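Open the model in your viewer and keep the selection panel at hand. The stops below each give a selection to make and then say what is there.

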Amino acid sequence: MDLSYGPEYEDFRAELRAFIEKNQHKAPPPGMGMKHPEALEQDWQKLLIEHGYTCRTIPKKYGGYGAEPDILKTVIIQDEFTRANVNSGLSGQGIGMLVPTLLENGNEQQREKYIRPTIYGEIHWCQGYSEPGAGSDLASLRTNARVEDGHFIINGQKIWTSGAHFADMCFILVRTEPEKPKHEGISYIMMDMKTPGIEVRPLVTMTGAAEFNETFLTDVKVPVENVVGKRGEGWKVANTTLKHERGMLGDPSQLLSRIESILKILQNETLDGKRLIEHAMYRDRLIAAQAKTEALKFHSLRLLSHTLKNEDPGVSRLIVKYYGTTLSRELSDIALEALGELGQLYMGSPHVRSHGSWQWRNMFDLGLIIGGGTSQIQKNIISERGLGMPREPKLAETK
Ligand SMILES: Cc1cc2nc3c(=O)[nH]c(=O)nc-3n(C[C@H](O)[C@H](O)[C@H](O)COP(=O)(O)OP(=O)(O)OC[C@H]3O[C@@H](n4cnc5c(N)ncnc54)[C@H](O)[C@@H]3O)c2cc1C
């Protein structure tokens with residue numbers, strides 16, 4: 001197994017390290033929680049795009065760097081920013097999910113209008129998929145849209161809409177042909193959040209912040225040209241977005257950097273007069289978590305090899321989301337236990353360590369295990385489509 005990337009890539013890595021070293025004082029701190037990008041974040045994003053360290057393969061005409069796809073360079077960029085613990089640019093549902101969806105399924109006019117302001121942090125997006133009766137079984141969604149005078153008129157309710165309280169736009173799934181089977185007749189529409197008829201009610205999570213919302217829609221008027229792909233073929237478009245959402249979750253290089261931080265806690269905190277690292281119990285737990293994280297990293301390298309050979313990795317891609325999000329929670333459990341009673345404090349306490357980031361992570365990670373398709377659903381897909389196990393019985397099929 002050859003794990004080296006070769007001289008061309010090592011030169012690229014060296015240039016990137018020099019860039020980070022020289023410019024990191026301009027970078028905003030790696031963010032916690034969600035908010036609309038501010039000037040500091042937008043300026044940093046601009047600098048990264050100009051050097052090709054983010055939005056690298058997005059064509060120049062849409063505001064990106066315009067490089068040919070080179071997955072190894074993408075991996076090196078991710079590794080180096082994580083290693084240096086420096087902000088790697090804007091992320092979120094617009095850049096991470098809507099932009100690749102428009103590149104695959106949007107028309108030219110939509111790409112020209114929305115990609116540039118999205119990647120520069122001027123338009124912030126939210127995702128309107130889930131409804132009170134449609135989460136894991138997303139295709140059951142009931143929010144509907146009829147067409148009148150060149151507009152969709154949308155009525156219904158969405159839930160768990162992350163960031164809807166500060167989003168400028170929403171990509172939303174609506175039922176446009178109610179007479180068709182449930183996976184057909186769904187359309188994927190881009191909706192301005194300032195349109196009359198949209199009411200956003202925040203939902204407070206256990207982190208104490210209102211990160212997501214209920215979104216009520218009453219006669220919301222959206223021009224028909226805002227549909228992505230064809231009307232009634234939104235399920236296919238929605239799945240492009242989901243593929244990119246799952247790809248964003250469970251990144252092993254971030255987990256490896258968290259292992260380093262936990263190691264520092266174990267070296268600095270003491271129990272019964274001994275450093276925690278000298279207690280076999282804590283050492284064992286950290287080594288076990290490190291072994292799992294290394295396994296995930298090698299799994300990611302295997303996926304990378306498939307991509308380089310233009311092979312479809314199939315459902316093995318889903319392991320990253322399932323395993324990575326579960327492991328992330330396990331790491332924050334270890335950190336909190338190592339912090340002992342200090343681990344029970346939260347933001348605002350003068351004695352809290354690392355600004356309460358471990359406590360926040362521990363609660364937020366539970367959400368990541370659920371969002372983008374729960375662990376149970378990922379396991380169903382892996383077992384049915386990957387391992388060929390019997391499909392679970394569907395209610396509609398039982399007589
Ligand atoms: C932090 C966070 C952010 C989110 N952000 C957004 C967002 O921005 N936009 C958006 O549209 N949605 C968002 N969601 C919603 C998310 O996509 C849904 O919560 C998720 O798809 C699960 O749907 P549900 O909550 O309706 O749970 P349900 O589908 O009702 O599931 C409840 C439980 O039953 C299990 N279950 C369901 N079906 C099966 C089955 N067939 N086999 C085995 N177990 C099953 C599930 O795994 C789960 O444990 C977010 C969720 C979280 C937690």
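Begin with the shell around the ligand: domain 2 (125-232) and domain 3 (249-397) each give at least three residues to it. The domain bounds come from an automatic or database domain assignment. This is a predicted model, in which local features need pLDDT of at least 70 and side-chain atom pairs count only at pLDDT 80 or more, while totals for chains, interfaces and linings use all residues. Residues are numbered from 1 along each chain as its sequence is written.

**The ligand shell**

Select the 19 residues that surround the ligand; Tyr129, Gly135, Ser136, Gly367 and Thr374 are the closest. A residue is near a molecule if its C-beta atom, placed from the backbone, lies within 6 Å of it. Next colour strand S1 (125-128), helix H10 (357-370) and helix H11 (375-386), each of which supplies at least two residues of the shell. Helices (H or I, at least four residues) and strands (E, at least two) are DSSP runs, numbered from the N terminus.

Which classes of residue make up the shell around the ligand? Six are nonpolar, 13 are polar and none is charged. Here Ala, Val, Leu, Ile, Met, Phe, Trp, Tyr, Cys and Pro count as nonpolar, Asp, Glu, Lys and Arg as charged, and the others, Gly among them, as polar.

**Strand S3 and its partners**

Select residues 151-159, strand S3, and show side chains. Phe152, Ile154, Gly156 and Lys158 point to one face and are buried, whereas His151, Ile153, Asn155, Gln157 and Ile159 point to the other and are not buried. A residue is buried if 20 or more other C-beta atoms lie within 10 Å of its own, exposed if 12 or fewer, and partly exposed in between, with C-beta atoms placed from the backbone.

Add strand S2 (residues 144-148), which runs antiparallel to S3 and is joined to S3 by five bridges. Two strands pair if DSSP finds at least two bridges between them. Glu148 has His151 as its bridge partner in S3. The hairpin of S2 and S3 has two residues between the strands, and Asp149 in the turn has a positive phi of about 45°.

Then add strand S7 (residues 212-223), antiparallel to S3 and joined to S3 by eight bridges. Opposite Lys158, find Thr215 in S7.

**Ile259 in helix H7**

Move to helix H7 (residues 252-268) and pick Ile259. Is Ile259 buried or partly exposed? Ile259 is partly exposed, because 18 other C-beta atoms lie within 10 Å. Beyond its neighbours within four places in sequence, Ile259 is in contact with Ala289, Gln290, Thr293 and Leu331. Two residues are in contact if their C-beta atoms, placed from the backbone, lie within 7 Å. Measure from Ile259 to Gln290, C-alpha to C-alpha: the distance is 6.7 Å, across 31 residues in sequence.

**Domains 1 and 3**

Now select domain 1 (7-90) as well. The centres of domain 1 and domain 3, taken over C-alpha atoms, are 24 Å apart. Eight residues of domain 1 are in contact with nine residues of domain 3. On the domain 1 side, three of the touching residues are nonpolar, three polar and two charged.

**The whole chain**

Zoom out to the eleven helices and ten strands of the protein chain. The C-alpha trace spans about 75 × 50 × 50 Å along its principal axes.
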